[in-house]
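Please follow the account below with the model open beside you, moving from the domains of one chain to a sheet and then to the contact between chains.

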Amino acid sequence: MKTLKRFSVLLLAFSLLLMTGCWNYRELDNLSMVSGFAIDKGTQGFKYHLTIEFLDLSKSPPAGKLLETEGDTIFDGVRNALAKSQKKLFFSDCKVVVVSQDIAKEGLAPVFDWISRDSEPRVTINPVISKGKTAAELLQQKPITDQLMAMEIGKTISQSTTALSEVPNVELYQANNMLASEGTSLILPAAKVAESQSGKNFELDGTAVFEKDKLIGYLNREETKYLLFIKNQAAGGLLVTSPDPEDAAITLEIFGSQTSVMPEIKGDEATMKIDVNVKTSLAEDQTAKDYVTPDGLKKVEKSVENTLQTKITGLIKKVQEQYGSDIFGFGDTINRYAPDYWKKNQSKWEENFPKLKCTVTAHVTIENSATANTNIKVG
Amino acid sequence: MGTAGSDGSQGNYAALTKKLTDNIELIKTVFKNDSTLVTRSFESQFEPNLKYCIFYSDGMVNNKILNEDIIKPLLEYRPEKKESDLINALAKQIIFSNSVEITTEMEKIIQGIIYGDTVLFTDGYAEALILNTKGWSIRSTSEPENEKVLKGPREGFTEALLTNLSMIRRRIRTPELKMEYQTFGTRTKTQACICYMEDLVNTDVLEELRKRLESFTIDGVLDVNYINEFIRDAPYSPIKTVGETERPDVVVAKLLEGRVALLLDGTPVALTVPHLFIEHFQSDEDYYINFYFSSIGRILRLMAFFVSTSVPALYVALTTFHQEMLPTSLVISISMARQGVPFPTVVEAVLMLVVFEMLRESGARMPGMMGQALSIVGALVVGQAAVSAKIVSAPMIIIVGITGISGLMVPRIKGASIVTRFALLGLASIFGFYGYMFGFLVLMMHLFSISSFGIPIMSSVYTNGAQDRKDIAIRAPWWKMQKRPKYLSPNTTRVSVKGGSK
């Protein structure tokens, strides 16, 4: 009896070994750590051309190195890389996947499948759309602050939410959620190679707008800022305004913003009420007047509110007319607050969205004027 | 227990006779070839008929007592008339000795001679006197090297049982402290003493201890561990189920908690039972310093056990199975450090851990003045040179360093830590985190399954009642620890504070 008990305990213990899922012994130094990869259209009969940036440990300090490979699917391309490199590519630290415009125009869902399905790449990868000719050209640039170009791109995108707010920070799982949702269309950050005096550089450049999973256009960085206001994602950044059109500009730094989007249903008609509340500080004042007075600040606030209202209204109009794709997520908002109305109109949303009426109100408060209470007096 | 084991050297001796020369011959035959036996025959200055002979073991007696308090009075003794019962008169009136026993038993006489007593034969009498002249040199009391404290009593046990008992008795001045002698070793006849507080002790534990002490015989006991391995629970487990200490204050504290202590002659180590797992982490100093600091120390020690058993296994599991769990920058620096290292991570880990254990062991065993050489070899050759020669990677040195240092933090559980560390490392190197968790669960199951003299060693973890939990990870202030743990003692009132509890 005792032997039987012991045997069954052992059997149970070892049967657990069969249920451990996917793991394997592999030494760190036998892996090539991938920091990011770019997907272009294939050239030699293959569908995809992958440019993979990995960490080259043979150099000190380690730097990024590019490996180019082709394949009929993404995974096929990744595996074909083994014909060129002894070390297996390791995707757990991959931060960025850059997709070329051409691929994006044909649809992203097939491209995202392997990245989302495989166990190594994380769902927090940042997909980026390259506005240039190829996706690879972004990774071919020299990083300015990081060792690896892909890390530079990834960190720039995630940093931008708190201090720039001119590029959407969309991670792979969020992109997949947007793709799956009927009431929100996909947006992704866009980037390009910019010429500057010292040479070429990578630069984030607004938003790529999608209809379903196909790229249909772009928003520039300023428009992206107002898009983020509507999506309640403008956590930082600046608002530049001039209360007096003749005078120089005043810069407000966003300390926090809260946007409420509420649908108002009247019969068969829905109106979106967008209320933007922004807390700012007066961060730069190039004008000759002293605006740090109760009346002066009111004036600045008023001027910014006006700017916000017109810009946001203009952006909505532009998206409705030009793209007709609900990148603001108005459909999901209606679904949340008026599910009955949504159920009735869900099927017609694509034709209803361009006709949707929106009213925008903005409230801006200036809470302080940083460390100065007046501007520099020129004697 | 082996007071009269059949294996002993005692046999049937001839009976003593009234003739002194016969008795002398008899003793000399028993101690044939024993050069330390001293025979001294003398007679009274005034009555040449009063012939005496004393036997003692050289080096075991106090010569001054022997000369001045035994031989001198005998030489100067002048009976006024013929004494009818000389032996009794000697014992009662003549000899200056605190312990005199009249006997005819050869067994007792031989034991006496062996253990520092002096045996006096008188011509014309078949009885012998056993006189207490014990006086051998013992080590003076000093602070135990293994259990140093910054604050608190510095006295440590010595090799002499009586000295040790006196240290305990000095601290507990109530008759409830009971000390029972027992003898171990059929050949060494080593004396031991069981100490307990009569009104606090858990009688089940005491009975169990007595039962187990009677369950074996052994020819000799040189240290309490000889006994420990016979009486302990879970004999194959690396986890201690019997406590060991060299400090009288620790023994007294345990007695006051209702535990039983066993002291053995010839060793400065005392055993205490029952021994719970948490006692590995309780230092006597915890109770002598501020409770905040002692709690911090206690928590650090508990963490150190976890760290020293788990860190190499976790490192190997993370770097060879679950690289995705490491932050990117850490992966970069580890894989950079591993460039060019010829061995797999687990070989590296085992190699360095073994080297560390070697350094530790040689540090403990070698003469003190060679310490400098060891630290140079340890730090420079094994550490720096091995890294720059690319035999091991730098992170591994850090891991082994952390493991070693935290292992030394809880020296009482050292043995168990080492065994657990290598077991977990082996499992982690084959199965990754799964193996580590498997090993950890087995360790937990093992800990929760064993008990010490009927008390589960993890009692302090799953006990009910706030009082029992005030001395585990956190040492509560003394005025809060009002009760003894109820699994240790039936009499739980320890502290009472005037005006109710604070």
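**Two domains and a sheet**

In this predicted model, the C-alpha centres of domain 1 of chain A and domain 2 of chain A lie 31 Å apart. Domain 1 of chain A covers 29-219 and domain 2 covers 221-379, with bounds that come from an automatic or database domain assignment. The model is predicted, and local features need pLDDT of at least 70, side-chain atom pairs count only at pLDDT 80 or more, and totals for chains, interfaces and linings use all residues. Residues are numbered from 1 along each chain as its sequence is written, while chains are lettered from A and ligands numbered from 1 in the order in which they are written.

The contact between the domains takes 23 residues from domain 1 of chain A and 24 residues from domain 2 of chain A, two residues being in contact if their C-beta atoms, placed from the backbone, lie within 7 Å. On the domain 1 side, helix H6 (149-163), strand S8 (199-211) and strand S9 (214-219) of chain A each supply at least two residues; helices (H or I, at least four residues) and strands (E, at least two) are DSSP runs, numbered from the N terminus. S8(A) gives the most to this side, with six residues. Sorted by class, the same side of domain 1 of chain A has nine nonpolar, ten polar and four charged residues, where Ala, Val, Leu, Ile, Met, Phe, Trp, Tyr, Cys and Pro count as nonpolar, Asp, Glu, Lys and Arg as charged, and the others, Gly among them, as polar.

Turn next to the open sheet of chain A, in which four strands follow the order S10-S11-S12-S13 with mixed pairing; two strands pair if DSSP finds at least two bridges between them. Its edge strands, each pairing on one side only, are S10 (238-241) and S13 (357-368) of chain A, and the twist averages 40° from one strand to the next. S10(A) and strand S11 (residues 250-266) of chain A run antiparallel and are joined by four bridges, and Thr241(A) has Ile250(A) as its bridge partner in S11(A).

Helix H9 (residues 294-323) of chain A lies across S10, S11, S12 and S13 of chain A, at about 150° to S13(A), with axes fitted as lines to C-alpha atoms, for helices over the stretch in contact, and angles running from 0 to 180 degrees between N-to-C directions.

Finally, 17 residues of chain B are in contact with 16 residues of chain A. The largest share of the chain B side, seven residues, comes from H10(B).
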